[in-house]
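User: I am new to reading protein models. Please take one helix pair and look at it closely, then show me how it sits beside the other features you can pick out.

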Amino acid sequence: MSQITEHDVLYSNGQKKIHYFATGPSTGPLIIFIHGFPGSGITWKAQLSVFSSLGFRAIAPDMPGYGESTARHEMDDYSQESLVEGMNALLSHTNRDAAIWVGHDWGAPVVSSVATQFPEKVHALITLCVPFHSIERGWKGFLPYVNRELYPVGEYEYGQWDYMKNWEENFEDTVAVFNKDIAGVLKGSLQKNDKAPETRFAGDFANVRKKGWFGGMDAPPPVSVMGPPILPEDVYDAYVKAVEKHGFWAPAAYYMNHERNEKYNTADKLRGGKLEVPVLFVHAAWDLICDTKTSSLPEGMRRVCTNLTEVTVEAGHFLQYEKPAETNAALLRFIAQEVPTRWPGYWDSGYVKKE
């Protein structure tokens with residue numbers, strides 16, 4: 001693998017900073033990996049290694065609120081509009097006009113917002129777990145697609161997204177709970193999934209406002225009683241430090257901007273309301289929260305994307321950690337087939353095929 005280097009880009013009149021990891025030849029096709037909640041740039045190490053070895057210029061930032069990036073206690077800093085400002089600064093810092101954008105969890109709405117507002121800056125869009133044209137558009141972009149057979153509206157108004165409503169209603173108290181044991185929260189979310197869930201009902205998340213987090217406990221189970229995390233030890237340790245640096249206030253603020261995000265992304269710049277760049281959506285088959293297999297959450301994406309590819313990985317929510325080889329293979333096949341001019345070698349010299 002090429003050496004991973006670290007860089008900073010200042011933006012917003014020098015008031016904000018994005019820290020990012022970069023590897024691969026400086027002239028290679030650019031691919032940008034955006035993490036979600038919680039996360040850090042280095043958690044994409046398995047992808048940075050593979051893509052850089054093939055000749056891509058691969059970069060992954062600490063998103064605002066994490067690690068070495070700015071983490072102000074300003075709610076608006078974590079709206080999609082503010083996050084896209086940071087992504088534009090990041091892209092400019094690479095001296096490129098466009099990139100292949102990859103996003104997971106809250107990183108998916110961010111790259112979807114980039115594609116919505118600046119489609120000319122997107123060679124291809126890849127989202128993991130969260131489809132384009134959903135969460136980046138506020139509550140109206142995803143709440144109507146809850147599987148009401150699993151979550152009857154009278155009993156579960158917000159379905160499996162009840163935990164999101166809890167952030168809105170009990171923000172400071174919930175941040176305090178998460179900050180009690182940051183390592184415990186992170187390790188608990190990274191336990192190995194080696195088989196499909198027995199039920200699609202995500203009770204722990206659909207009942208947060210009724211029963212609280214962690215099954216009603218005041219804190220997650222102690223780290224000592226959990227199994228090993230699915231990330232390699234060095235990556236996991238760096239990840240924990242990145243989140244512990246600022247705590248959960250800023251990461252949780254991503255959940256506090258649904259109204260702003262709806263206003264921003266319903267005034268999109270797509271021609272005829274359609275996204276015409278190649279799009280790959282990667283389903284996580286065992287993901288019960290971002291359930292795209294038994295709910296209609298992907299409907300908006302399927303309606304507005306004119307060049308859409310879908311693939312499923314048999315894994316839970318953190319599929320890029322659980323099944324990095326399968327996830328990388330899905331991304332690489334899509335790029336080779338749908339964005340061949342962005343493949344290393346082709347993009348500067350082309351291929352010659354004998355008829």
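Analyst: Start with helix 6 and helix 9, which are oblique to each other. This is a predicted model. Helix 6 covers residues 182-189 and helix 9 covers residues 233-244. Their axes come within 10 Å and cross at roughly 135 degrees. Roughly antiparallel needs an angle over 145 degrees, and the perpendicular range is 65 to 115, so this pair counts as oblique. The crossing of helix 6 and helix 9 is right-handed.

Now look at the residues that meet. Helix 6 brings Ile182, Ala183, Leu186 and Lys187. Helix 9 answers with Tyr236, Tyr239, Val240, Val243 and Glu244.

Next, the core. In soluble globular proteins, nonpolar side chains tend to be buried together. Here the largest nonpolar core has 114 residues. Phe33, Trp101, Trp161 and Trp167 touch the most other members. Helix 2, residues 80-93, gives the most to this core, with six residues. Take Phe33 as an example. Setting aside residues up to four places away in sequence, its contacts include Trp44, Leu48, Phe51, Val102 and Leu331. Gln47 and Pro61 are also among the residues that Phe33 touches.

Then the cysteines. A disulfide is a covalent bond between the sulfur atoms of two cysteines. The cut-off is 2.5 Å between the sulfurs. The count comes to zero disulfides. Why does Cys129 not bond with Cys290? The sulfur of Cys290 is the closest cysteine sulfur to that of Cys129, but at 5.7 Å it is too far for a bond. Cys129 is buried, with a relative accessible area of 1%. For Cys305, the closest cysteine sulfur is in Cys129, 16 Å away, and that is too far as well. Cys305 is buried too, at 9% relative accessibility.

Finish with two loop residues. His133 sits in the loop between strand 6 (122-128) and helix 4 (162-169). It counts as buried, because its relative accessibility is 11% and the limit is under 20%. Beyond its sequence neighbours up to four places away, His133 touches Gly141, Gly300, Met301, Arg303 and Val304.

Lys269 belongs to the loop between helix 11 (258-265) and strand 7 (279-284). Leaving out neighbours within four places in sequence, Lys269 is in contact with Thr116, Gln117, Phe118 and Pro119. Its C-alpha atom is separated by 20 Å from that of Trp139, and the two residues are 130 apart along the chain.

Conventions: Residues numbered from 1 in each chain as written. Predicted model: local features only at pLDDT ≥ 70, side-chain atom pairs only at ≥ 80, totals over all residues. Heavy atoms only, no water. Buried < 20%, exposed > 50% of the residue type's maximum accessible area, 1.4 Å probe, protein only. Core = buried A, V, L, I, M, F, W, Y, C linked by side-chain atoms within 4.5 Å. Helix = DSSP H or I, 4+ residues; strand = E, 2+ residues; numbered from the N terminus. Contact = heavy atoms within 4.5 Å. Axes fitted to C-alpha atoms, helices over the stretch in contact; angles between N-to-C directions. Parallel < 35°, antiparallel > 145°, perpendicular 65-115°, else oblique. Left-handed = near helix turned anticlockwise from the far one by under 90°.
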